[in-house]
Amino acid sequence: MKEVLRRVREALKGLSRRFGILSLPVFFLALVFIDGAFRWVYAGAGGTRLLNAKTMLFTCSWALLVTALTGLLPRLGRRIAMGVLGVFFGFLVILHGVMYNVFGHFFSFADMNFAGDGAKFFSWTYFQLPKKLYFFVLLFLLMVGAAMVLASGPRAQGKRLWVQRGCMALIAPVCIAAILLTHQKLMPRADVLTWDNRFDPNSDTEVYREFTDANRSMKLTGLYQYTARNFAVSFGIGTNARSAQELTDIFESRAQPAANEFSGSLKGKNLILVMLESIDTWLARPEYMPRFCDVIDGGVEFTDFYTPLFLSAGTFNTEIISQTGLVPPAAGMASSGYSTNAFPLSLASLFGDEGYNVNSFHPASPGIYSRGTVHTNLGFEKYHSYVDMGMDEYQLDSQMLRAFGDMTEEDSFYSYIITYSGHGPYTEEMGVIAEPHLEAARKAVNKSGVTDTPENMEEYTRAVAHAMETDGFIGGLMDRLEEEGLLEDTAVLFYADHYGKYMSDKEFLNRLKGVEPGTPELYRTPCVLTGGGLKAAKIDKPASSLDIVPTIVDLYGLDAPMNYYAGESMFSPGEGLVPFPNNGWYDGDTYYSGEGGVQQSQRTAELKQRIEASMEAVRTDYFREWEK
């Protein structure tokens, strides 16, 4: 064995002596290869073609710059640098794939604000990536390994060494200049909307300036420039914030909405908001969730309701939106800001000012997403975790009913409840939730007519079992409210935190929902308001989670300026408008994602300004001045 190893070492040394000069070229080619291969695998994730001139200039300049800097190192340092960079970029490509698999967009450094909490829900099913991606990463690592082996050849000496380093030193500034010039070419000259300068969200300059659309930004800039610019944007490096006066002008430019027939109709009554974890439209079926469907049939159903995701932390995204009426910054804000910034227009603050008893309830521990401090900062008197609710098993929604007394405490109360049992993955890892309902779920699924691969059907069946557990909580809550004589004076709003994104096969998920990829229908989720003396009705106006707070403010006649919220009351007259990340929107007839010209530029620009102002207000603690 020792002899074999000795011969292998000798053979490798022979290769490095003969072909050592190829070490840096092979490393350069490896860097270019993995970028192109990665973008090719995810060709459908963005609108930029693979061989776009700007993309290739960024990629080749970065690859040559990294290669040149590596070439300046001594032989051992060069090999170490190649190995570290190879592992880093190989890992980064896999990370991008996992994020795209779970959330539909590539990794952003802004996601790191919630990475620790998200890791608590880790599942190996997230790594079901295209096999060709793993193959390309392996091939990339082999190319880097070959470059490392070739770099072990004889050291350059004397004049040859200085010529080699001199060439590397000259290449580096040329590459930097090429990167900066391309960057400057893509940056718009002014962020001003004029009659002859209409906003086109599909233009390269707008995509590059905002850099919040991870998919299009990646396809436009390539792996390396994306990493550098995304880091800068995510941590607010080189960004210019609007002044407080500019934000005020934007908010005040929106007219206060006129009163409607529902305005003030729930004034003085109690309120319970229930955010349903991952309960999607394909789960809200009578055979799976009979009690929830009863609520939908007997309540005010918002039939065209959407939950757009501005953060990859989907539950936290909708949590903040539906409690503050503001949009969380997609980049540039640490999660601690939600625990320290002022939110005087949040529902908890407004109901607290009205003398209500305000509390929040969720099985997760106070440390996850810092809910213990975030919720009290939003104005809640207390965040009740599974310990406070006396739950034996935090994953079972039905056990939250043990805290019904706390949820309905005092004569006037506002309680915010977040369920848990709908959470994925839908595998044996979450068997505590599924097992009690698995037999019933299998029978219901067999009658449903849904068919697919055995793997998909098993996952689907477990998702149904999860939904059944949540349905038990919904039924129990409504029964208790009726038994205690509270339902007539208590309105209950049920809505989902996000679509059922934990299904591993996204094509199967699209078929379950009956939607085409890249359309807003993916984000359509159930939303219904019941109790409080309201009569059954169907509201077909397009609406979203951004409209929840202004709707409650409208119905309860709370003292808050409606034009400071990002949405509007779902009962207000006129057509609805659902904003999506990266300047997209939907009005019930048209889904505009920036493609197809600039014919909708004025509406897009106005919505863009409204959403950005909301994000900026959260990020800069704009409302702090309201407390003085």
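**Reading cavities, cores and unusual backbone geometry**

Q: The lining of the second largest cavity in this predicted model comprises four nonpolar, three polar and two charged residues. Which residues line the second largest cavity?

A: A lining is read residue by residue, and then by class. Here the second largest cavity is lined by Asn-101, Val-102, Thr-125, Tyr-126, Lys-501, Tyr-502, Met-503, Ser-504 and Lys-506. Its volume is about 50 Å³.

Q: How many cavities of 30 Å³ or more are there, and what is the volume of the largest cavity?

A: There are three cavities of 30 Å³ or more. The largest cavity has a volume of about 60 Å³. Eleven residues line the largest cavity, and those closest to its centre are Glu-206, Val-207, Glu-210, Asp-213 and Asn-583.

Q: Which helices supply at least two residues each to the lining of the largest cavity, and what is the make-up of this lining by class?

A: A lining can also be traced to its secondary structure elements. Helix H8 (204-210) and helix H9 (214-234) each supply at least two residues of the lining of the largest cavity. H8 gives the most, with three residues. Three nonpolar, four polar and four charged residues make up the lining of the largest cavity.

Q: Where does Asp-213 lie, and is Asp-213 buried or exposed?

A: A residue is called buried when its relative accessible area is under 20%. Asp-213 has a relative accessible area of 14%, and it is therefore buried. Asp-213 is placed in the loop between H8 and H9. A polar atom of its side chain lies 3.2 Å from the backbone nitrogen of Arg-216.

Q: Which residues have the most contacts inside the largest nonpolar core?

A: A core is read through its size and through the residues with the most contacts in it. The largest nonpolar core has 105 residues, and Val-274, Phe-292, Tyr-460, Phe-494 and Met-503 have the most contacts inside it. Helix H19 (residues 454-483) gives the most to this core, with twelve residues. Apart from this core lies another, of 60 residues, including Leu-311, Leu-378, Phe-380 and Ala-560.

Q: Which residues does Met-503 touch?

A: Met-503 belongs to the lining of the second largest cavity as well as to the largest nonpolar core. Leaving aside residues up to four places away in sequence, Met-503 touches Trp-282, Tyr-426, Asn-456, Glu-459, Tyr-460, Ala-463, Phe-508, Leu-509 and Leu-512.

Q: Which residues are joined by a cis peptide bond?

A: Most peptide bonds are trans. In this model, a cis peptide bond joins Gly-424 and Pro-425, with omega about 5°. Pro-425 lies in the loop between strand E6 (413-418) and helix H17 (431-434).

Q: What is the phi of Ser-278, and what is the phi of Asp-621?

A: Most residues other than glycine have a negative phi. Ser-278, which is not a glycine, has a positive phi of about 60°. Asp-621 also has a positive phi, near 60°, and is a residue other than glycine.

Q: Where do Ser-278 and Asp-621 lie, and why does each count as buried?

A: Ser-278 is in the loop between strand E1 (270-276) and helix H11 (290-298), and it counts as buried because its relative accessibility is 0%. Asp-621 is in the segment after helix H22 (601-619), and it is buried because its relative accessible area is 18%.

Notes:
Residues are numbered from 1 along each chain as its sequence is written. This is a predicted model: local features need pLDDT of at least 70, side-chain atom pairs count only at pLDDT 80 or more; totals for chains, interfaces and linings use all residues. Side-chain values use heavy atoms; hydrogens and water are left out. On a 1 Å grid over the protein atoms alone, a cavity is a set of points where a 1.4 Å probe fits but cannot get out, and a pocket is an open set with protein on both sides within 12 Å along at least five of seven lines; lining residues have an atom within 4 Å of a point. Grid points are joined across faces, edges and corners, and a volume is the space filled by probe spheres set on the points. Helices (H or I, at least four residues) and strands (E, at least two) are DSSP runs, numbered from the N terminus. Ala, Val, Leu, Ile, Met, Phe, Trp, Tyr, Cys and Pro count as nonpolar, Asp, Glu, Lys and Arg as charged, and the others, Gly among them, as polar. Buried means under 20% relative accessible area, exposed over 50%, partly exposed in between (1.4 Å probe, protein chains only). A polar contact is a pair of N or O atoms within 3.5 Å; within protein, one must be able to donate a hydrogen and the other to accept it, and residues adjacent in sequence count only if both atoms are side-chain atoms. A nonpolar core is a set of buried Ala, Val, Leu, Ile, Met, Phe, Trp, Tyr and Cys residues joined through side-chain atoms within 4.5 Å. Contact means heavy atoms within 4.5 Å.
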